[in-house]
Amino acid sequence: MTNTQSGGARPSELPAWQELAQLAASIADVPSIELTKQRHTNPASTIDVAGLHIDFSKQRINDSIATTLVLLAQQSGLADAIDAQFRGDHINNSENRAVLHSALRAPKNKRPASVADSIENEQQRLLEFAESVRSTQLRGFTGKAFTDVVHIGIGGSHLGPELVYRALGPGDGPSVHFVANVDGAALAELLPKLDPERTLVTIVSKSFTTAETKANADSMRSWFIERTGRPDAIASHFCAVSTNLDAIDEFGLDRNRVFTMWDWVGGRYSVWSSVGLPIALALGREGFLSFLNGAHAMDDHFCHADWSENAPVQMALSSIWNTNFLGATSLAVLPYDRRLALLPDFLQQLDMESNGKRVHRDGSDVTINTATVLWGGEETNGQHAFHQQLHQGTQSFSADFLAVIEPDHPRQEHHNALLANCLAQSQAMLLGRETDEAHRRVPGSRATTTILLAALTPYTMGALLALYEQKVFCQGVIWQINSFDQWGVELGKQLAEPILAALVDDSSKTNTGDAQDPSTQALLAQIEQKRNHHE
């Protein structure tokens with residue numbers, strides 16, 4: 001890292017940052033349409049890469065702002081940071097780890113030598129396993145082929161695989177069911193529909209101790225044994241992605257069906273690894289490799305394209321401009337394709353868990369805004385739910401519109417209407433509406449980016465996710481924060497343990513309950529009272 005990244009000038013002290021503050025004031029009263037007219041002939045306002053067309057022309061940016069934003073990236077040490085990421089330096093400084101998820105999607109000869117062979121071996125094991133299930137060569141203990149897979153994980157072990165599976169699957173593989181939340185309703189609804197002799201269970205937890213995952217895995221194990229009477233058959237119907245081999249042995253799994261997770265792969269960046277088993281089951285070897293290739297194409301573009309025409313860099317700079325200079329407090333992700341309905345959920349974790357930080361890399365306090373609140377929903381449903389707030393509300397926001405040019409169905413008239421709504425909504429946010437009737441006025445001048453996928457394929461899906469991953473990385477570099485830890489998540493987990501003890505163990509209720517704050521004590525008492533009333 002450069003001196004800037006290890007304790008030098010803070011972001012707001014950089015000359016480019018200070019110049020951007022002045023430029024923001026200079027365009028405060030300029031309608032976005034005027035800025036768009038100035039930029040729409042500039043090739044840098046649109047970027048085409050890996051089957052994606054990314055249009056920045058509706059951002060509230062002119063050429064002077066665009067040039068100064070690139071200067072900010074330079075002064076922030078972004079070039080050195082990119083090199084450090086792909087070289088395998090320990091850029092996750094609070095955990096002293098490398099960040100090498102990009103190596104998982106790179107050709108073997110382009111991976112750091114220290115991880116090239118281990119990635120290749122594990123990837124081949126995964127694909128061979130997936131193909132054996134798909135071909136029905138691998139079967140359950142009674143000789144029946146697997147028709148259903150239950151994928152158990154949470155957070156990054158769940159969001160990425162389910163997003164890609166819903167977008168591109170199920171293909172010609174088995175049906176995959178995703179169980180994440182500790183809420184028992186999910187299993188209560190799912191289990192009656194499954195035949196244990198035809199069900200394969202995948203458990204994804206690096207530590208094999210994640211509370212929600214362990215609870216669901218234990219319940220699946222109990223269900224299987226109760227239905228089959230064969231605890232010895234667990235090894236034939238369960239597999240895992242984990243590093244805790246002792247826990248794996250205790251659970252009864254076959255180590256040949258356990259895939260590894262390296263410490264240089266964070267959960268929210270793990271879809272490219274063996275965590276992506278549901279994707280391999282749905283798409284097969286070639287589909288999964290195409291997914292990786294699309295992501296690598298975006299990485300290659302990220303490493304080599306000039307920053308004025310670099311999609312992840314421009315995505316990051318636009319977001320920083322909106323967040324830190326134009327006052328946007330949220331980012332709405334609006335996919336106009338039902339196959340991408342889960343994209344906002346995935347990006348919530350990627351963006352907010354990565355960059356929702358309040359200290360710099362050196363531990364000093366951050367004095368600027370970092371990650372915004374990211375949210376969104378499937379369109380055009382959202383138009384009839386929350387777009388009123390976007391068009392006439394008082395909160396500042398930015399938005400990403402996403403659409404796919406070619407549908408996956410024959411109803412072209414529906415798809416034309418979908419695309420028309422996508423373009424019209426972004427146009428309305430640009431233009432607004434002036435009228436003498438105050439309640440009909442729409443201010444417009446909202447900052448938006450539109451991403452068009454030529455078609456939704458494994459390749460373009462991989463490119464899209466890598467685009468957002470590297471965007472988040474660039475933001476973290478410029479804000480001088482560590483995008484690859486998540487210590488804030490740990491607090492709630494720790495506090496849940498004594499509360500759980502108070503809920504399930506009568507002998508601990510007094511000691512544990514009394515140790516809580518007054519509000520939590522009162523809530524525990526209310527739960528106990530209602531439970532006693534129903535007994």
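Student: What makes the charged end of Arg-221 count as sitting over the ring of Phe-251?

Tutor: The charged end of Arg-221 is 5.5 Å from the centre of the Phe-251 ring. A charge sits over a ring if NZ of Lys or CZ of Arg is within 6 Å of the ring centre and within 35 degrees of the ring normal. The charged end of Arg-105 likewise sits over the ring of Trp-272, 4.6 Å from its centre. This is a predicted model: local features need pLDDT of at least 70, side-chain atom pairs count only at pLDDT 80 or more, and totals for chains, interfaces and linings use all residues. Residues are numbered from 1 along each chain as its sequence is written, and side-chain values use heavy atoms, with hydrogens and water left out.

Student: Why is the pair of Tyr-269 and Phe-484 called tilted?

Tutor: Rings of Phe, Tyr and Trp (its six-membered ring) pair if their centres lie within 6.5 Å; planes under 30 degrees apart count as stacked, over 60 as edge-to-face and the rest as tilted. The centres of Tyr-269 and Phe-484 are 5.4 Å apart and their planes are at 50 degrees, so the pair is tilted. Both rings belong to one aromatic cluster with Phe-86, Phe-302 and Phe-473.

Student: How do you know that Tyr-269 is buried?

Tutor: Buried means under 20% relative accessible area, exposed over 50%, partly exposed in between (1.4 Å probe, protein chains only). Tyr-269 has 2%, so Tyr-269 is buried. Phe-484 has 10%, so Phe-484 is buried too.
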